[in-house]
Amino acid sequence: MLSQVYRCGFQPFNQHLLPWVQCTAVSGSHRIQPSVIRHVRSWSNIPFITVPLSRAHGKSFAHRSELKHAKRIVVKLGSAVVTRGDECGLALGRLASIVEQVSVLQNQGREMMLVTSGAVAFGKQRLRHEILLSQSVRQALHSGQNQLKEMAIPVLEARACAAAGQSGLMALYEAMFTQYSICAAQILVTNLDFHDEQKRRNLNGTLHELLRMNIVPIVNTNDAVVPPAEPNSDLQGVISVKDNDSLAARLAVEMKTDLLIILSDVEGLFDSPPGSDDAKLIDIFYPGDQQSVTFGTKSRVGMGGMEAKVKAALWALQGGTSVVIANGTHPKVSGHVITDIVEGKKVGTFFSEVKPAGPTVEQQGEMARSGGRMLATLEPEQRAEIIHHLADLLTDQRDEILLANKKDLEEAEGRLAAPLLKRLSLSTSKLNSLAIGLRQIAASSQDSVGRVLRRTRIAKNLELEQVTVPIGVLLVIFESRPDCLPQVAALAIASGNGLLLKGGKEAVHSNRILHLLTQEALSIHGVKEAVQLVNTREEVEDLCRLDKMIDLIIPRGSSQLVRDIQKAAKGIPVMGHSEGICHMYVDSEASVDKVTRLVRDSKCEYPAACNALETLLIHRDLLRTPLFDQIIDMLRVEQVKIHAGPKFASYLTFSPSEVKSLRTEYGDLELCIEVVDNVQDAIDHIHKYGSSHTDVIVTENENTAEFFLQHVDSACVFWNASTRFSDGYRFGLGAEVGISTSRIHARGPVGLEGLLTTKWLLRGKDHVVSDFSEHGSLKYLHENLPVPQRNTN
């Protein structure tokens with residue numbers, strides 16, 4: 001017989017706990033008034049956010065990014081998630097976190113259902129306590145002694161444990177959901193309830209009514225009466241309820257659920273048993289892929305192992321429900337695993353019926369790794385030949401490139417700001433400049449990989465070399481600028497690195513043809529797969545988690561993009577700068593003719609660039625002089641909006657708008673002007689408010705200039721030169737992958753040299769360390785040997 005018992009509890013603000021409202025539902029009928037539920041939900045301390053959630057059920061979501069549209073969600077909590085490590089009692093902290101996440105989603109207007117294990121573990125804890133208590137009493141009566149002997153606890157039968165633990169488990173859920181002013185209802189089922197048509201209709205009606213009243217149904221198999229699972233008992237086209245995995249799948253399909261989340265104690269589905277050397281997490285699993293998976297043993301607790309979960313997931317997927325299997329026990333992720341899945345983040349294994357047309361990003365990462373290693377073994381002349389061929393293709397296929405770029409510009413019109421449209425635009429002159437820069441890279445790549453930096457004779461016939469090698473696989477994420485693709489690709493080719501490229505969707509057509517041309521150039525030496533363009537719906541945050549595939553992330557775009565990537569990167573170094581707050585200090589001995597030219601070029605030539613001037617520091621002696629007036633007049637003509645720093649504003653009767661922050665990157669025709677007392681004051685200001693990008697002094701005093709150059713701690717420090725010179729092409733590097741303000745590995749415009757690291761080569765003849773001990777036969781020489789001269793032609 002179908003057993004359905006549910007309770008809803010609430011707690012008003014006066015903290016006086018009212019009695020539990022308990023109702024028994026038979027054949028789907030109950031008497032809770034919807035007005036009561038609405039009143040309870042109005043007390044919630046979590047904002048009620050109504051989101052547009054509706055879709056026709058019948059087909060599962062094809063991509064993770066669509067999961068945010070899921071309206072009805074079933075969350076299955078495995079025994080390993082709910083129970084403690086000793087299998088006696090519940091993991092209360094974990095359960096509280098799960099309840100909080102379910103409550104947040106419920107208060108967003110979603111319909112949440114829980115399928116939970118834990119009754120047996122909770123009951124085992126209670127029964128063990130009772131047995132120990134009764135044994136201790138009996139032993140004390142029989143022995144008459146205070147000291148009790150060691151007591152053995154008998155093996156507890158699972159059904160008895162479930163009967164003893166079910167009420168306590170539900171009471172715990174009630175107490176937790178009450179904290180979020182949400183009602184919960186318990187429903188216990190057996191396999192027969194799904195096979196009897198009348199009971200099945202009753203169950204369906206009860207669940208729908210509970211969801212209608214914003215109650216969270218908590219469903220479990222009635223383990224107190226359920227018979228042992230029979231092997232191979234699935235009916236034709238119907239999954240048998242043997243465990244909570246199959247129950248969750250059956251419930252999800254019966255209720256036309258959008259998403260089923262199965263939480264266990266592993267990260268998801270692996271291609272071989274987790275923990276084995278070659279085990280890899282499967283990001284997306286497709287029907288028919290079972291043959292490529294080797295299943296291990298089942299979980300430490302519970303009825304089903306991973307094979308049972310996969311079977312249940314595929315059955316639910318066939319019924320139109322999307323499925324994700326993920327880890328609900330990891331302390332670093334369990335606090336947000338459910339909400340992360342619903343937001344479409346790459347968590348666990350996503351089951352999909354739609355296979356992508358191309359390779360997954362993991363497969364692309366592997367191809368870039370193997371392709372990069374092949375690239376590094378080519379002769380320098382061969383790598384240079386690839387880059388020369390790509391330069392030729394940029395000019396030969398100019399019309400096709402510009403046609404694709406025109407399509408991007410037309411689609412971006414009205415959606416992108418003018419500075420971004422300018423970055424997106426390609427032209428014949430840009431392509432010609434790109435080709436020239438690529439040929440410079442090819443020329444400088446002749447002696448890059450494998451260059452000997454140091455040679456040491458450790459001992460007789462034992463020589464050590466330090467040589468340059470590629471970093472490995474680079475991930476370059478860039479916005480709006482399609483010209484970045486061939487530049488970065490050429491640098492990766494020259495340095496022998498594998499490359500993953502993730503461009504902005506606004507440049508999709510331009511990026512596609514430029515990548516095809518890059519692969520055409522790579523094909524002349526059979527290394528086509530070394531450079532990969534990520535076209536899947538991968539979020540940047542998900543790409544930043546591929547720490548086993550990516551060795552360095554290089555963001556090219558806005559300061560916000562760089563900050564987001566630095567925050568999202570998990571164990572992968574990020575090369576870049578979060579802001580380009582560039583300063584120019586105009587000294588009291590500056591040349592009138594030079595100042596206006598330098599300020600105009602630094603601020604107005606390309607204000608959206610990261611190396612554009614943002615703060616102009618003026619020596620106080622220059623105020624109210626013809627030089628100062630010329631600077632202001634020039635800025636007005638160029639329509640630059642001026643923001644006054646605090647000191648500058650104090651000198652003026654009617655000042656421009658006072659700056660909100662001296663640490664601002666405007667990226668537009670806006671400029672902060674501040675007054676300083678001397679060169680040391682300017683240096684202190686730069687160190688306090690700058691971003692260590694590019695800073696300039698304008699002066700005719702060589703001693704003052706040298707003092708500035710030596711004491712300013714930035715990646716680029718100039719004397720009488722525009723900030724806009726901070727660029728790989730202008731430095732003669734051919735191109736750059738970005739400008740780095742970090743202090744480790746590379747700094748400033750990063751060209752070919754910045755994409756290399758080193759390794760040590762030791763050549764010996766049967767040398768062992770024991771020969772160099774106190775009584776050994778050999779002594780360390782540590783002689784520096786001449787290094788082969790670098791080819792600079």
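How many helices and strands does the chain have? The chain has 24 helices and 26 strands, where helices (H or I, at least four residues) and strands (E, at least two) are DSSP runs, numbered from the N terminus. The model is predicted, so local features need pLDDT of at least 70 and side-chain atom pairs count only at pLDDT 80 or more, while totals for chains, interfaces and linings use all residues. Residues are numbered from 1 along each chain as its sequence is written, and side-chain values use heavy atoms, with hydrogens and water left out.

**Whole chain**

Display the whole chain, colored by burial. Of its 793 residues, 52% count as buried; buried means under 20% relative accessible area, exposed over 50%, and partly exposed in between (1.4 Å probe, protein chains only). For contacts with a separation of 6 or more, residues 24 or more positions apart account for 75%, a contact being heavy atoms within 4.5 Å.

**Stop 1: helices α8 and α9**

Select residues 244–254, helix α8. Of its 11 residues, 10 are buried, so α8 is largely enclosed by the rest of the structure. Among the buried residues are Asn244, Leu247, Leu251 and Glu254. Just after α8, Lys256 takes a positive phi of about 50 degrees.

Add residues 306–318, helix α9. Two packed helices are described by the angle between their axes and the distance between the axes. For α8 and α9 the angle is about 5 degrees and the axes are 8 Å apart. Axes are lines fitted to C-alpha atoms, for helices over the stretch in contact, and angles run from 0 to 180 degrees between N-to-C directions. The angle makes α8 roughly parallel to α9; angles under 35 degrees count as roughly parallel, over 145 as roughly antiparallel, 65 to 115 as roughly perpendicular and the rest as oblique.

Show side chains at the contact. From α8 come Asp245, Ser246, Ala249, Arg250 and Val253, which meet Ala308, Lys309, Ala312, Trp315 and Ala316 in α9. These residues divide into 6 nonpolar, 1 polar and 3 charged. Here Ala, Val, Leu, Ile, Met, Phe, Trp, Tyr, Cys and Pro count as nonpolar, Asp, Glu, Lys and Arg as charged, and the others, Gly among them, as polar.

**Stop 2: helices α15 and α16**

Select residues 428–444 (α15) and 484–495 (α16). Their axes come within 10 Å and cross at roughly 10 degrees. That makes α15 roughly parallel to α16. Leu434, Leu438 and Ile441 in α15 meet Pro486, Gln487, Ala490, Leu491 and Ala494 in α16. This contact divides into 7 nonpolar residues, 1 polar and no charged.

**Stop 3: the sheet of 4 strands**

Next select β13 to β16. These form an open sheet in the order β15-β14-β13-β16, with parallel pairing; two strands pair if DSSP finds at least two bridges between them. At the edges stand β15 (531–533) and β16 (552–556), each with a single partner strand, so one side of each is left without a neighbour in the sheet. From one strand to the next, the twist averages 20 degrees.

Zoom in on β13 (residues 473–478) and β14 (residues 498–503), which run parallel and are joined by 6 bridges. One pair to label is Ile477 with its bridge partner in β14, Lys502. Now add helix α11 (residues 361–377): this helix packs on the sheet, touching β13, β14 and β15, and its direction makes about 140 degrees with that of β14. Helix α19 (residues 559–568) also packs on the sheet, touching β13 and β16, at about 160 degrees to the direction of β16.

**Stop 4: the sheet of 6 strands**

Move to β17 to β22. The 6 strands form an open sheet in the order β19-β20-β18-β17-β21-β22, and the pairing is parallel. Its edge strands are β19 (641–644) and β22 (716–719), each pairing on one side only. The twist averages 20 degrees from one strand to the next.

Strand β21 (residues 694–698) pairs with β22 over 4 bridges in the parallel sense. Label Asp695, which stands opposite Val717 in β22. Helix α23 (residues 679–689) lies across β17 (582–586), β18 (613–619), β20 (670–676) and β21, running at about 170 degrees to β17. Helix α24 (residues 702–711) lies across β17, β21 and β22, at about 175 degrees to β22.

**Stop 5: cysteines**

Finally, select the cysteine sulfurs. The structure holds 0 disulfides, a disulfide being a pair of cysteine sulfur atoms within 2.5 Å. For Cys716, the nearest cysteine sulfur is that of Cys582, 8.6 Å away. Cys716 is buried, with a relative accessible area of 4%. Cys604 is also buried, at 16%.
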